[in-house]
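Q: I'd like to learn how to read a protein structure, one feature at a time. Could you walk me through this one?

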Amino acid sequence: MARLSGLQREVLSLYRRCLREIQKKPTDTRGNFQAYARAEFRKHRSVNKKDFNAIEYLLRKGHRQVEMYSSPGIRNIHPRQRVTPAPSFSPRFDVYELDGSYHLDGELPGVEQSNLDIEFTDPHTIVIKGRVERQYNDTASDASEAVDERTDDTSSSKSLQPTVEDDDDEASATATRESSASASHPATAPRRSGSAFKYWALERSLGQFHRTFSFPTRVDQDAVRASLRNGIISVILPKEAAPKLKKIRVE
């Protein structure tokens, strides 16, 4: 059995604490508490295991929830409706420090400013979160459909098929065999049904994202600057000046 890390042991300890508190609830409502606890843990399974700040934040939040629901006055809880979890991903960032500031540079291609939030949870910690949506212009698809119609009317023997580059030699060989096999049976590109697209590949990072960064010194929140250009977000966080010591004269 693999050895658990410190944070993994803390998560397991929190889950066991939940189970112990559930046993103190009335017999006829324990199932509701169990369903709620499992849903809360499953909801955060997509968190990056190396995002220690996010995990520590969720642990603190979990302990507060246990303390609240362990109150003897709370005898039942209504489990939330089962929903499909929203897709999520963890964008990559470069973090570096200068004499008077910290800098964050992250990859957020396709993010609109209206879908991006930056906030402080305390003077040392900043949270960058938001979502990336898939949006396409229908004009390009209409033009493609018109080309398909003209292609159907001609007797061209060429077959154009979309391909996806892949570093996997086996996948490339398979694609080559399929292309050779289909040479004698020309295939037309997929068409839209109404406004629905048929995708050949889905490789972009889409959905919600959440990154937390903590710094050893306090940050001057009023002087923070952030910009989003060409899919790169840059955040400059000036360090808060150390308080000046003032000598008080006793009269």
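Q: Let's start with a single residue: is Y102 buried or exposed?
A: First, keep in mind that this is a predicted model. To judge burial, look at the relative accessible area: under 20% is called buried. Y102 has just 3%, so it is buried.

Q: And how much of the chain is buried?
A: Buried residues account for 22% of the 251 residues. As for the surface, the chain has an accessible area of about 19100 Å², and 50% of that belongs to carbon and sulfur atoms.

Q: How do I read a pair of aromatic rings?
A: You describe such a pair by the distance of the centres and the angle of the planes. A search of the whole structure turns up 5 aromatic pairs. One of them is Y102 with F215, which is stacked: the centres are 4.5 Å apart and the planes make an angle of 25°.

Q: Which parts of the chain does that pair tie together?
A: Y102 belongs to strand β2 (residues 101–107), while F215 is in the loop between β5 (207–214) and β6 (225–229), so the pair links parts 113 residues apart in sequence. F215 is buried too, with a relative accessible area of 8%.

Q: What sits over the ring of Y102?
A: That's the charged end of K239, 5.0 Å from the ring centre.

Q: Now the bigger layout: how many helices and strands does the chain have?
A: There are 5 helices and 7 strands. Read from the N terminus, the order is α-α-α-β-β-β-β-α-α-β-β-β.

Q: How do I see which strand is joined to β2?
A: Look for the bridges. β2 and strand β7 (residues 232–238) run antiparallel and are joined by 7 bridges. As one example, L104 stands opposite V235 in β7.
A general tip for reading strands: in a regular strand the side chains alternate between the two faces of the sheet.

Q: How many bridges join β6 to β7?
A: 5 bridges, and these two strands also run antiparallel. S227 has S234 in β7 as its bridge partner. The hairpin of β6 and β7 has 2 residues between the strands, and N230 there takes a positive phi near 55°.

Q: Let's finish with a helix: where is E40?
A: You'll find E40 in helix α2 (residues 30–43). With a relative accessible area of 9%, E40 is buried.

Q: Which side chain does the side chain of E40 contact?
A: The side chain of K43, in a polar contact of 3.2 Å.

Note on methods. Residues are numbered from 1 along each chain as its sequence is written. This is a predicted model: local features need pLDDT of at least 70, side-chain atom pairs count only at pLDDT 80 or more; totals for chains, interfaces and linings use all residues. Side-chain values use heavy atoms; hydrogens and water are left out. Helices (H or I, at least four residues) and strands (E, at least two) are DSSP runs, numbered from the N terminus. Buried means under 20% relative accessible area, exposed over 50%, partly exposed in between (1.4 Å probe, protein chains only). A polar contact is a pair of N or O atoms within 3.5 Å; within protein, one must be able to donate a hydrogen and the other to accept it, and residues adjacent in sequence count only if both atoms are side-chain atoms. Rings of Phe, Tyr and Trp (its six-membered ring) pair if their centres lie within 6.5 Å; planes under 30 degrees apart count as stacked, over 60 as edge-to-face and the rest as tilted. A charge sits over a ring if NZ of Lys or CZ of Arg is within 6 Å of the ring centre and within 35 degrees of the ring normal. Accessible areas come from the Shrake-Rupley method with a 1.4 Å probe; for residues, only the protein chains shown count as cover. Two strands pair if DSSP finds at least two bridges between them.
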